[in-house]
Amino acid sequence: MNCIGLLNVLDAALRSGCRRVVFASTGGLCGEVTTPAPEAAPTRPASPYGISKWAGERYLDFYAREHGLTAVALRYANVYGPRQNPHGEAGVVAIFCRQLLAGERVTIHGDGRHVRDYVYGPDVARANVIALTADLPTLPAGALTTLNIGTGCGTDVNQLEAMIRRQVGAVLAAAGTPPALAPPFHGPPRQGDLRSNLLDASLAERVLGWKPTTSLEDGLRATVAWFAA
């Protein structure tokens, strides 16, 4: 579905005279890395989702070269923030917020030492706006520009859950509800989960003038407040 949807969008862009396309890709293309990976790192997607995003980048590159489009692939780290869907398997921050605020016990898959690069949604939105609208010589026509959108800072799931737990406890206490949050439950690990994935976003700063401005602590505080409201 990722590839078919993208091809439909690219064909529609050509028919309508659109000359710039920004593609939501994934930082998971670089696979298992323990230090922030640049865009030039070898691509080794470890899931069907990652493979589809890698194929999408290749299609986008072809359309850019063949039709002279300005094409930008933004490789997102783990995006979180207000309005994220807390249902399903994706979006661990949203899932933990919903469960803890509802007084439910959080489930952590495996030992909780899986490290990810968490980037705040509004920061990601700002990167998209720049990539879509800015008149920049660093975004040439007829070529694909690939940029990481992340923080380069790693946080494991145990640390993340503890940070969200503190924010939820503060919200409940401020509302006059004594927080009584059950400790997390460690379930079986999920097959195919990368142990560590981090992105080097320094190229995005050079090309777009973009860098993340929201710390994880501040972003989680705003996210918990939104879910609580």
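This passage describes the overall form, the strand pairing, the buried elements and the internal cavity of a predicted model.

The secondary structure of the protein amounts to seven helices and ten strands. The radius of gyration is 19 Å, close to the 17 Å that the globule rule gives for 229 residues, so the protein is as compact as a globular protein of that length. Taken along the principal axes, the box filled by the C-alpha atoms is roughly 60 × 35 × 30 Å. Of the 229 residues, 45% count as buried, and, among contacts between residues at least 6 apart in sequence, 84% join residues that are at least 24 apart.

Strands of a sheet pair through backbone hydrogen bonds, in either a parallel or an antiparallel sense. In the predicted model, strand 1 (residues 20-26) runs parallel to strand 2 (residues 70-76), and seven bridges join the two. Within this pairing, S25 has R75 of strand 2 as its bridge partner. Five of the seven residues of strand 1 are buried, so this strand is largely enclosed by the rest of the structure.

A further set of strands forms an open sheet of three, in the order 8-5-10 and with mixed pairing. Its edge strands are strand 8 (155-156) and strand 10 (196-197), each of which pairs on one side only. Strand 5 (residues 115-116) pairs with strand 8 in the antiparallel sense over two bridges, and in this arrangement V115 stands opposite D156 of strand 8.

Among the helices, helix 3 (residues 92-101) is mostly covered, with seven of its ten residues buried. The buried positions are V93, A94, I95, F96, C97, Q99 and L100. The elements that cover these buried residues include both strands and helices, namely strand 3 (78-80), strand 4 (107-109) and strand 6 (118-120), together with helix 5 (157-174) and helix 7 (216-228). In an α-helix, which has 3.6 residues a turn, residues three or four places apart point the same way. Helix 3 is followed by G103, whose phi is positive, near 75°.

A buried position is also found in helix 6 (residues 202-208), which contains A204. With a relative accessibility of 0%, A204 counts as buried, the cut-off for that class being under 20%. When residues up to four places away in sequence are not counted, A204 touches L147, N148, I149, G209 and W210. For one of these partners, L147, which lies 57 residues from A204 along the chain, the separation of the two C-alpha atoms is 5.6 Å.

A search of the whole structure for enclosed space finds one cavity of 30 Å³ or more. The largest cavity holds about 40 Å³ of space, and its lining is made up of G27, C30, A37, P38, R75, N148 and L199. By class, the lining residues divide into four nonpolar, two polar and one charged. Two of the lining residues link the cavity to features described above: R75 of the lining is the bridge partner of S25 in the pairing of strand 1 with strand 2, while N148 of the lining is among the residues that A204 touches.

How values were computed
Residues are numbered from 1 along each chain as its sequence is written. This is a predicted model: local features need pLDDT of at least 70, side-chain atom pairs count only at pLDDT 80 or more; totals for chains, interfaces and linings use all residues. Side-chain values use heavy atoms; hydrogens and water are left out. On a 1 Å grid over the protein atoms alone, a cavity is a set of points where a 1.4 Å probe fits but cannot get out, and a pocket is an open set with protein on both sides within 12 Å along at least five of seven lines; lining residues have an atom within 4 Å of a point. Grid points are joined across faces, edges and corners, and a volume is the space filled by probe spheres set on the points. Ala, Val, Leu, Ile, Met, Phe, Trp, Tyr, Cys and Pro count as nonpolar, Asp, Glu, Lys and Arg as charged, and the others, Gly among them, as polar. Two strands pair if DSSP finds at least two bridges between them. Helices (H or I, at least four residues) and strands (E, at least two) are DSSP runs, numbered from the N terminus. The radius of gyration is taken over C-alpha atoms; the globule rule is 2.2 Å times the number of residues to the power 0.38. Buried means under 20% relative accessible area, exposed over 50%, partly exposed in between (1.4 Å probe, protein chains only). Contact means heavy atoms within 4.5 Å.
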